[in-house]
Amino acid sequence: MNWFRKRSSTPLWRDEFSVYTADESYVTRRQFSKFLTLTSFGMMVGNLWILAKSLLHREAVYPRTAVAGLEEIPVGGVKIFNYPTSNDPCILVRIGADNYSAYSQKCTHLSCAVYYEREQNRLECPCHQGYFSIADGSVLQGPPQRPLPRVALEKQNGQLVAIRMEGESV
Amino acid sequence: MNTSPPQKRGLTAIDGAMALIVVLLMVQIWLLSATLESYLAGYRDAAAPGAIISFILFAACYALYRFIDRVDSEVRKG
């Protein structure tokens with residue numbers, strides 16, 4: 001089935017390479033319109049692909065992992081750990097005596113490792129000076145557009161346990 | 001180029017339709033990038049409306065292309 005060519009007894013080559021000069025403007029315009037319509041089709045396929053990926057998406061199941069003891073790190077101290085897999089570095093910061101925050105260590109700009117800047121009380125990316133709030137991981141300055149994914153923590157038997165990631169992008 | 005009046009009229013109609021297709025394409029490019037950005041940020045609610053609107057825009061482009069094809073064939077027949 002040929003959707004892009006009208007039914008005709010004239011062969012395609014004669015249609016596309018007319019001997020009449022006046023017809024040339026029509027041929028070029030028709031070909032350009034065909035190209036534009038196919039581009040539109042391509043973009044519709046792109047949107048359908050996103051829809052399919054969304055429908056097939058499954059909610060991630062996170063393991064419960066002990067990260068550190070409650071008194072293991074001092075106030076203002078930091079511990080690096082991996083969660084939810086061994087390839088996902090995260091950073092745990094003890095902000096106060098009973099206040100802990102943990103985030104993915106990958107900067108949401110280009111995945112450089114962020115570190116805790118104690119004097120400014122914020123997380124900083126050394127690559128492009130992206131700064132994140134220690135309170136909620138939101139962007140304070142720099143090229144990152146999205147906040148750092150947060151690790152939800154729970155206290156259990158004198159331990160801090162990571163239970164899930166929050167705000168993680170696809 | 002020596003064009004007769006019906007051919008000139010045909011070209012004008014085709015140019016208008018092509019301009020409309022270009023406008024629709026620009027909207028569709030914006031829609032695709034916005035939907036992708038939203039999906040990559042973890043928001044999946046925009047995917048279905050994005051796909052439906054993209055389909056409508058493609059249908060409009062295709063209808064305009066068929067119009068161009070018809071005008072082209074009518075004018076060439078004389």
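**Sheet, cores and chain contact in a predicted two-chain model**

In chain A, four strands form an open sheet in the order β5-β6-β7-β8, with antiparallel pairing. The model described here is predicted. At the edges of the sheet lie β5 (115–117) and β8 (139–141) of chain A, each of which pairs on one side only. Direction ignored, neighbouring strands of this sheet are turned by 40 degrees against each other on average. As a general reminder, strands of a sheet pair through backbone hydrogen bonds, in either a parallel or an antiparallel manner. Here, β5(A) and β6(A) run antiparallel and are joined by three bridges. Across from Glu117(A) stands Arg122(A), a residue of β6(A).

Turning to the interior, the largest nonpolar core comprises 19 residues. Those with the most contacts inside this core are Cys90(A), Ile91(A), Ala102(A), Tyr103(A), Val114(A) and Leu123(A). Two or more residues each are given to the core by β3 (89–96), β4 (99–104), β6 (122–125) and β10 (159–166) of chain A. The largest share, four residues, is that of β3(A). Leu123(A) offers a handy view of the surroundings: leaving aside neighbours within four places in sequence, Leu123(A) is in contact with Tyr103(A), Val114(A), Tyr116(A), Phe132(A), Ile134(A) and Leu148(A). A second, separate core has 17 residues, among them Leu24(B), Leu31(B), Leu32(B) and Tyr65(B).

Finally, the two chains meet in a contact that takes 29 residues from chain A and 38 residues from chain B. On the side of chain A that touches chain B, eleven residues are nonpolar, eleven are polar and seven are charged.

Methods. Residues are numbered from 1 along each chain as its sequence is written. Chains are lettered from A and ligands numbered from 1 in the order in which they are written. This is a predicted model: local features need pLDDT of at least 70, side-chain atom pairs count only at pLDDT 80 or more; totals for chains, interfaces and linings use all residues. A nonpolar core is a set of buried Ala, Val, Leu, Ile, Met, Phe, Trp, Tyr and Cys residues joined through C-beta atoms within 7 Å. A residue is buried if 20 or more other C-beta atoms lie within 10 Å of its own, exposed if 12 or fewer, and partly exposed in between; C-beta atoms are placed from the backbone. Two residues are in contact if their C-beta atoms, placed from the backbone, lie within 7 Å. Ala, Val, Leu, Ile, Met, Phe, Trp, Tyr, Cys and Pro count as nonpolar, Asp, Glu, Lys and Arg as charged, and the others, Gly among them, as polar. Two strands pair if DSSP finds at least two bridges between them. Axes are lines fitted to C-alpha atoms, for helices over the stretch in contact, and angles run from 0 to 180 degrees between N-to-C directions.
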